[in-house]
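Thanks for coming. I have one structure to go through today, and I will keep to what can be read from the coordinates. Please have a look at it before I start.

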Amino acid sequence: MAEKGARTCILLSRSGAEGKDAQELLEEMTTRGVNIAAPACGISAEAAVSATIKELKQSMPPIKGYIQASMVLKDGLFENTNSEDFNTTTKPKVQGTWNLH
Ligand SMILES: NC(=O)c1ccc[n+]([C@@H]2O[C@H](COP(=O)([O-])OP(=O)(O)OC[C@H]3O[C@@H](n4cnc5c(N)ncnc54)[C@H](OP(=O)(O)O)[C@@H]3O)[C@@H](O)[C@H]2O)c1
């Protein structure tokens with residue numbers, strides 16, 4: 001996206017900018033002139049999404065679009081899936097998408 005001209009980007013994940021890979025990506029994007037933020041934000045929690053967006057509004061332009069690429073895997077046969085695993089895997093997809101909306 002940066003190669004195609006994106007100049008502002010927010011990356012939401014529960015782990016945020018933790019870890020070497022994340023730090024390297026942020027440094028690379030900043031070097032390319034991209035205004036980038038990677039706050040820790042679990043999108044399944046509406047309050048976390050609201051608070052994060054409210055804070056970022058201070059320093060970022062209006063949001064023009066988003067890509068929902070969150071995923072949590074708990075591989076197994078459906079008949080062996082308990083409700084906790086079902087909720088863990090569907091929440092970021094369903095509730096997370098609704099919260100971003
Ligand atoms: N890999 C495949 O073969 C494949 C095939 C078809 C479709 N897809 C789709 O492509 C997308 C990306 O897949 P991927 O393979 O790149 O997966 P991935 O490497 O596991 O990345 C998933 C990301 O979702 C984040 N995430 C999980 N729960 C979250 C939450 N509650 N709030 C915010 N972020 C959350 C994770 O970060 P944290 O853990 O830090 O939150 C992680 O960065 C997914 O939508 C997946 O369904 C993948």
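I will go from the overall fold to the salt bridges, then to the ligand, and finish with a few single residues.

First, a caution: this is a predicted model. Everything I quote is computed from that predicted model.

So, the fold. The protein chain has three helices and two strands. Going along the sequence, their order is β-α-β-α-α. If you draw a box along the principal axes, the C-alpha atoms fill roughly 50 × 25 × 25 Å. The chain has 101 residues, and 20% of them count as buried. About 7700 Å² of the protein chain is exposed, with carbon and sulfur atoms supplying 54% of that area. On contacts, take those in the protein chain with a separation of 6 or more: 67% of them are between residues 24 or more positions apart.

Next, the salt bridges. How many does a search of the whole structure find? The search gives three. As general background, side chains of opposite charge can pair when their charged atoms come close.

One of the three salt bridges is between R32 and E3, and the closest N and O atoms are 3.7 Å apart. This pair links distant parts of the chain, since its two residues are 29 apart in sequence. R32 sits in the loop between α1, residues 20-31, and β2, residues 35-37. E3 is in the segment before β1, which covers 8-10. As for solvent, R32 is partly exposed because its relative accessibility is 36%, while E3 is exposed at 68%.

R32 also has a salt bridge to E28, with 3.4 Å from N to O. E28 has a relative accessible area of 40%, so E28 is partly exposed. Put those two pairs together and you have E3, E28 and R32 linked in a network of salt bridges.

The remaining pair to mention is K20 with E24, where the closest N and O atoms are 3.1 Å apart. Where do K20 and E24 sit relative to each other in helix α1? They are four residues apart there, which means a separation of about one helical turn. K20 counts as exposed, at 63% relative accessibility, and E24 is partly exposed, at 40%.

Now the ligand. There are 14 residues around it, and R14, S15, I43, M71 and K93 come nearest. What kinds of residue make up this shell? Seven are nonpolar, five are polar and two are charged.

I can give you three polar distances here. S44 has a polar side-chain atom 3.5 Å from a nitrogen atom of the ligand. S70 uses the backbone: one of its polar backbone atoms is 3.3 Å from an oxygen atom of the ligand. M71 has a polar backbone atom as well, at 3.2 Å from an oxygen atom of the ligand. On its own, the ligand has 880 Å² of accessible area, and the protein covers 51% of that.

Last, three single residues.

T52 is in helix α2. Is T52 buried or exposed? Its relative accessible area is 12%, and the cut-off for buried is under 20%, so T52 is buried. If we leave aside neighbours within four places in sequence, T52 is in contact with L12, P39 and C41.

Q58 comes after that helix, in the loop between α2, residues 46-56, and α3, residues 83-100. Here the relative accessible area is 70%, so Q58 is exposed. The side chain of Q58 reaches back to the backbone oxygen of K54, at 3.5 Å.

Then D21, which is in helix α1. D21 counts as exposed because its relative accessibility is 63%. How far apart are D21 and K4 in sequence and in space? They are 17 residues apart in sequence and 22 Å apart in space, C-alpha to C-alpha.

To recap, the two items I would look at again on the screen are the salt-bridge network of E3, E28 and R32, and the ligand shell, where R14, S15, I43, M71 and K93 come nearest. And again, the model is predicted. That is all from me.

Definitions and conventions
Residues are numbered from 1 along each chain as its sequence is written. This is a predicted model: local features need pLDDT of at least 70, side-chain atom pairs count only at pLDDT 80 or more; totals for chains, interfaces and linings use all residues. Side-chain values use heavy atoms; hydrogens and water are left out. A salt bridge is a side-chain nitrogen of Lys or Arg within 4 Å of a carboxyl oxygen of Asp or Glu. Buried means under 20% relative accessible area, exposed over 50%, partly exposed in between (1.4 Å probe, protein chains only). A residue is near a molecule or strand if one of its heavy atoms lies within 4 Å of it. A polar contact is a pair of N or O atoms within 3.5 Å; within protein, one must be able to donate a hydrogen and the other to accept it, and residues adjacent in sequence count only if both atoms are side-chain atoms. Accessible areas come from the Shrake-Rupley method with a 1.4 Å probe; for residues, only the protein chains shown count as cover. Ala, Val, Leu, Ile, Met, Phe, Trp, Tyr, Cys and Pro count as nonpolar, Asp, Glu, Lys and Arg as charged, and the others, Gly among them, as polar. Contact means heavy atoms within 4.5 Å.
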